[in-house]
4 protein chains.
Amino acid sequence: MTLEGEIVEIGPDRIRVRGVDIEELIEGWSYPEVFWFLLTGRRLSSRERRMLEAILVAMCDHGPTPPSTQAARLVASTGSPMHAALAAGLLGFGDHHAGAIELAMRVLQEAVRSAELGRDELKGTAERLVEDFLDRGERVPGFGHRYHRRDPRPPALVRLAERLSMVGPHLRLALEMEEVLLSRKGIRMNIDGASGAILSDMGLSWRVGRGVFALGRMSGLIAEVMVEISCYKPFRKFHEIKAS
Amino acid sequence: MTLEGEIVEIGPDRIRVRGVDIEELIEGWSYPEVFWFLLTGRRLSSRERRMLEAILVAMCDHGPTPPSTQAARLVASTGSPMHAALAAGLLGFGDHHAGAIELAMRVLQEAVRSAELGRDELKGTAERLVEDFLDRGERVPGFGHRYHRRDPRPPALVRLAERLSMVGPHLRLALEMEEVLLSRKGIRMNIDGASGAILSDMGLSWRVGRGVFALGRMSGLIAEVMVEISCYKPFRKFHEIKAS
Amino acid sequence: MTLEGEIVEIGPDRIRVRGVDIEELIEGWSYPEVFWFLLTGRRLSSRERRMLEAILVAMCDHGPTPPSTQAARLVASTGSPMHAALAAGLLGFGDHHAGAIELAMRVLQEAVRSAELGRDELKGTAERLVEDFLDRGERVPGFGHRYHRRDPRPPALVRLAERLSMVGPHLRLALEMEEVLLSRKGIRMNIDGASGAILSDMGLSWRVGRGVFALGRMSGLIAEVMVEISCYKPFRKFHEIKAS
Amino acid sequence: MTLEGEIVEIGPDRIRVRGVDIEELIEGWSYPEVFWFLLTGRRLSSRERRMLEAILVAMCDHGPTPPSTQAARLVASTGSPMHAALAAGLLGFGDHHAGAIELAMRVLQEAVRSAELGRDELKGTAERLVEDFLDRGERVPGFGHRYHRRDPRPPALVRLAERLSMVGPHLRLALEMEEVLLSRKGIRMNIDGASGAILSDMGLSWRVGRGVFALGRMSGLIAEVMVEISCYKPFRKFHEIKAS
C-alpha cells in the first residue's frame, strides 16, 4: 500500500477521490470498495469485493460483551451524545482487543515475506510460530476466544475464501497454525486470525488492521448505543466491578 | 424504528443478529444492509440497498478540511495509536458539523408528520420553514456549504433517488426548500440535506443520523490518518491557530 | 467571567499567562489558583483558595462505581494507553453524571439572579424550585445520590464554607432546598449541589461546572486506571451487562 | 509505587480513600497532595507538596500551539460538549507529545537504577546516554523544544528544587545531560526533562508520567476550550492543513 501525499482533492464544487470524481463513486461503487480505494488506490475485483464485504459483516457486532461496546454503552448511559459514545467504544480497541488483528496480520506477513512457503515449509513454519508463542507463555494472536470454543465466523469466512478461490499463503499458513494449536491446546482460529489472514492475502498492510475492524464494528457500536438509549434508563447501574 | 431489548444473542459458539445466524449474514449480505438490519430489524430491498450504499459513499471523505479530520490527524501526529485518532475524529461530529444531518432530518420529519403535504401544501411548507430560519437569523440545516456553492454530492444522490423511484415526501420537501433558498439567497442543498431527506424517506429516525454519518465518514478518517502517519513527520506544526 | 481573546502568550523563550510570566506562577502560586486565574483572570483570596482546594478534593474519586471510571478502566484493560483511558473516562461526563453540576449551578444562578432573595424570599423560592421539578416528575439537580443517603462530602464542604465565612446566596438557597427535599422525600444535597452552590457564590459561570469536575476527578481517574493496569489481568471480563 | 487492589472504599454514606475518610481530606489536604496519595498511598512532605504544585503549574498551558490543545478547540468549535473537547485534547498526548515525559523519566530511572552514580560516574553516564541517542539519530527525550531555545519553565523548576533541597540523582543526571547537549548541539532541557527528573527523584514510576501531565494540562485545556467557545464563531475555518 503506497500513500503518497493527500488523497482527496477539494476544489470549489469539486471532490476528487484519488483522481476520481465523487459523483462517479456515488453512482456505481459499493461502500467497502470505496474504503479500499481510499486506503490503497486500487479498485477491488468483484471477488475481492465480495470477500471484503463478508469480513466487515463478520466483524459487525458481538452483543454487549466486548469492553469496547460496554464503554460505548456506559458513556451513552450518562447522557453523552452518540458520537461521544462511539468514540469511547473505539478507545477500547487496544492491543488486547481489536489490536489483536494487527498482531495476527503482522505475524503472518512477516512469516510469509521471509520464506518461499511451499506446502512443506508451511507446516514447519506454522509449528515454529506456534511454539515460539507457547514457549514464551503468550497467546498466539488470531487464535482463541473468551466466549467461543468454535467461533462460527472464521469457518464461514474460510469457506467463502475457498469458494472465491481466494486462499493465499497467509490464510494457508493460518490454517496450518490452527491445526497445530488445535491438536496441542484445543484452540481454534478466531475472527482476528481469519480476517487478518484474508486481508493479508488481499495485500493490506498489517498497520491498517485496526482500521478495518473499526469500520466493521462501527455498525454494531451504533446499534448497541441505540439499544442502550432506547431501552434502558439513563445512568443505570450496569454492574459492580468485580474485585477479581 | 423500534429497538426492543438486546439485538445480538451471544451463546457459546453462536452469534445471532436479530434472530439470524451470523454465518448466514456473512455468506450473502452486504455490509450496509447488515448495518440497517442491526439498527431497525428490517432487511432493505435491493433498490434501498443501492441507495444506502450511495449515501455512505457520498459521505466517505472531504480531504483534510473538516475539523473532525483535522482533529484525527493532529492526534495521529502526536504518536497516539490509530484508534485514538479515529476517536478524536468522531468527537468532532458536533451539532455544527455532522450533527447537522440530525437537525435537517428532524426538521423534515416533523414537517412531513404534521401535514398531508400534497403538492401545493409542499411549496407552502417549504416557504414557511425557510422563512422561520431566516427570520431567526439562523442557517437552514441541510443547506449551504463552507467550501462549495454547488456541492457535487447532493445532485448525484437526488439523481439516483429519482432513477430508483425513491423520491418520497421528505426529499420532495427538501427540494422545494432548496428552490426557495436558491432564489432568495443563492444557497443550495448540501450533503446533510440530501442524505438526511432520503434516509428519512427510507424510514430512519433522525436520532440515528449522526450514526449513519459516523459510518460513512469512518472510511475517510482511517485513510486520512494513514496519510498523516505515512507521509508526514510526527509532531509537525500544522498551523498557527488564527486569532480571528 | 469574561474571556476576551487568547489568554496565553507564547513568544520565543516566553510564556505569559494572562499577562503574568509563567516563572512567577511556578514560584509562588498553587495549582488550583492558576486554574481559576486561567479561567477568569482573577486571583483568588486565600480563603477562596482554601475553598476551591476542598471542592477539588471532594471530587477526587468515587472508587470503581461511576460509569466514567468504569469506561476508563475498561479501556485501559484492552491495552489502550493511559491517555486514551482517561479520555474515555471524560466522555462519561454526560448530563446525567458530571453534567449535573452544571444543571445545579444553572438553577441556582438563575434563581439568585432573578430575585433579591432576602431570608424570607429564599424559603419561598426554594419551595417553588423543588416543587417545579417534583411536579414534572424530575430529579432536582444537585440532590440525591445512587449510593448514599447521607453523602459525607456535602456537609464537609458546607462546614468549611461556614468556617471561612463563604456562605453566599447560592449556598443559602441550596440549603433551603435541601430542607424542603429532606422533609418531603428524605433526599439530601449531593456533591454537585454543594460544590455547584459554592462555586456559584465564588462567581463561576455554570458553563464551566463540568470543567471543574473534570479537573477534580482527573486525579481519581488516573489512579483508578493505574489500579486496573497494575492489579488485574488485561482484557478480563468485568461483568455481563445486565438486561435490566 | 505499589498499588495493591482497590484504593477507594465506597460504603453507604462513606467514602474512604486509602483508609482515610474523605471528610478528613476535604478539611485539610491540598488537591495535588490528594492526587499523590491516591497514586502512591504516601503523604507528601510540605517541601514535596510545594514542588509538586510547581510542576503542575509549569504544565498548565502553552496557548493554542500544542496539537492536543488544537484538537480540543477544533472539537469544541463543532459544537461538541466541553467534556468531549477535553477528551479530544487528552487523545493528543501521544508519545511524541505528552508521552515524552514518560520516555524522559524512563531513561533517567533506568540509568540511575543501574549505577551508583557518584559525581564522576554521573558525567560519564550523561555523555553515554546523550551519545546513544545522537548516534541513532534520535532526539533525546526531555530536551529541546519546537518553540523555545530557552524554555523559561525548566530553570524555574530547577531553581525551586535547589531552594527546597530536592535535587536528587535523577535531576543531577538530567542537568549533566543538558550540559553535554548544550555544548554539542545548543539544546537545553525542556519541561518534560525537568519535571520528569524531579518527579523521579520524588519516587514516581515513569509509567504515571503522562498522568501527571494530564492533570497539569487539564486546567489549560479547560480554559482554552472556554476561549474557543466564548470568543469565536462555531465551525470556523481554523486553517488549511499544509501539504508540507
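How many bridges join strand β1 (residues 8-11) of chain C to strand β2 (residues 14-17) of chain C, and do these strands run parallel or antiparallel? I looked this up in a predicted model, and I found that four bridges join β1(C) to β2(C), the two strands running antiparallel.

Entry on the chain C hairpin. I followed the pairing down to single residues and noted that C:G11 has C:R14 as its bridge partner in β2(C). I then turned to the hairpin of β1(C) and β2(C), which has two residues between the strands, and there I saw that C:D13 takes a positive phi near 65°.

Entry on the chain A sheet. I reminded myself that strands of a sheet pair through backbone hydrogen bonds, either parallel or antiparallel. In chain A I found three strands that form an open sheet in the order β1-β2-β3, with antiparallel pairing. I wrote down that β1 (8-11) and β3 (20-21) of chain A stand at the edges and have a single partner strand each, so one side of each is left without a neighbour in the sheet. Looking at β1(A) again, I noted that four bridges join it to β2 (residues 14-17) of chain A, and that A:E9 stands opposite A:R16 in β2(A).

Entry on D:R113. I located D:R113 in helix α6 (residues 100-114) of chain D, and then I asked whether D:R113 is buried or exposed. D:R113 is exposed, because 9 other C-beta atoms lie within 10 Å, and a residue counts as exposed at 12 or fewer. I also noted that D:R113 and D:P169 are 56 residues apart in sequence, while their C-alpha atoms are 9.9 Å apart in space.

Technical notes:
Residues are numbered from 1 along each chain as its sequence is written. Chains are lettered from A and ligands numbered from 1 in the order in which they are written. This is a predicted model: local features need pLDDT of at least 70, side-chain atom pairs count only at pLDDT 80 or more; totals for chains, interfaces and linings use all residues. Two strands pair if DSSP finds at least two bridges between them. A residue is buried if 20 or more other C-beta atoms lie within 10 Å of its own, exposed if 12 or fewer, and partly exposed in between; C-beta atoms are placed from the backbone.
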